Amino acid sequence: MSAVCDVCRYGAPDGDIERYVEKVTVPEDKFDLFVEMRAYGKAADVALKMKDKDRLQEVARACNDNVLERHIGEMIDRL
């Protein structure tokens, strides 16, 4: 599936790429693709499903969005 995502990254509209990324079954790959796309909210959701505090913190550092950072802090507190 990641080969399809690689192709899409270089010519498909973002909505199409997200549609393909949603179908990725390996959570680590899905997380990495969302981070690469700067879809930080979706990356945080994947990290939460994985119960991975380190990945949540990675998203919080990268997102540059105070609201999302606070939301991620709440996610981490729930784990």
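These legends accompany several close-up views of a predicted model.

**View 1. The whole fold, helix after helix.** Let's start with the overall layout: the protein contains six helices and zero strands. Following the chain from start to end, the pattern reads α-α-α-α-α-α. Of its 79 residues, 32% are buried. The exposed surface comes to about 5100 Å², and carbon and sulfur atoms contribute 46% of that area. Among contacts with a separation of 6 or more, 26% link residues that sit 24 or more positions apart.

**View 2. The largest nonpolar core.** Here we look inside, at a core of 21 residues. Phe31, Leu56, Val59 and Ile72 are the members with the most contacts inside this core. Two or more residues each are given to the core by helix 2 (14-22), helix 3, helix 4, helix 5 and helix 6. Helix 4 provides the largest share, with five residues.

**View 3. Ile72 and its partners.** Which residues does Ile72 touch once its neighbours within four places in sequence are left aside? They are Ala44, Leu56, Val59 and Ala60. Two of these partners, Leu56 and Val59, are listed beside Ile72 among the residues with the most contacts inside the largest nonpolar core.

**View 4. Arg38, in the loop between helix 3 and helix 4.** This close-up takes us to the loop that runs between helix 3 (27-37) and helix 4 (40-50), where Arg38 lies. Most residues other than glycine have a negative phi. Arg38 is not a glycine, yet its phi is positive, at about 65 degrees. Is Arg38 buried or exposed? Its relative accessible area is 65%, and because exposed means over 50%, Arg38 counts as exposed.

**View 5. Asn64, in the loop between helix 5 and helix 6.** Our last stop is the loop between helix 5 (53-63) and helix 6 (66-78), which holds Asn64. Asn64 also has a positive phi, about 55 degrees, although it is not a glycine. With a relative accessible area of 72%, Asn64 is over the 50% cut-off and is therefore classed as exposed. How far apart are Asn64 and Tyr40 in space, C-alpha to C-alpha? The distance is 9.6 Å, while in sequence Asn64 and Tyr40 are 24 residues apart.

Methods: Residues numbered from 1 in each chain as written. Predicted model: local features only at pLDDT ≥ 70, side-chain atom pairs only at ≥ 80, totals over all residues. Heavy atoms only, no water. Helix = DSSP H or I, 4+ residues; strand = E, 2+ residues; numbered from the N terminus. Buried < 20%, exposed > 50% of the residue type's maximum accessible area, 1.4 Å probe, protein only. Contact = heavy atoms within 4.5 Å. Areas by Shrake-Rupley, 256 points an atom, 1.4 Å probe, with all protein chains shown as cover. Core = buried A, V, L, I, M, F, W, Y, C linked by side-chain atoms within 4.5 Å.
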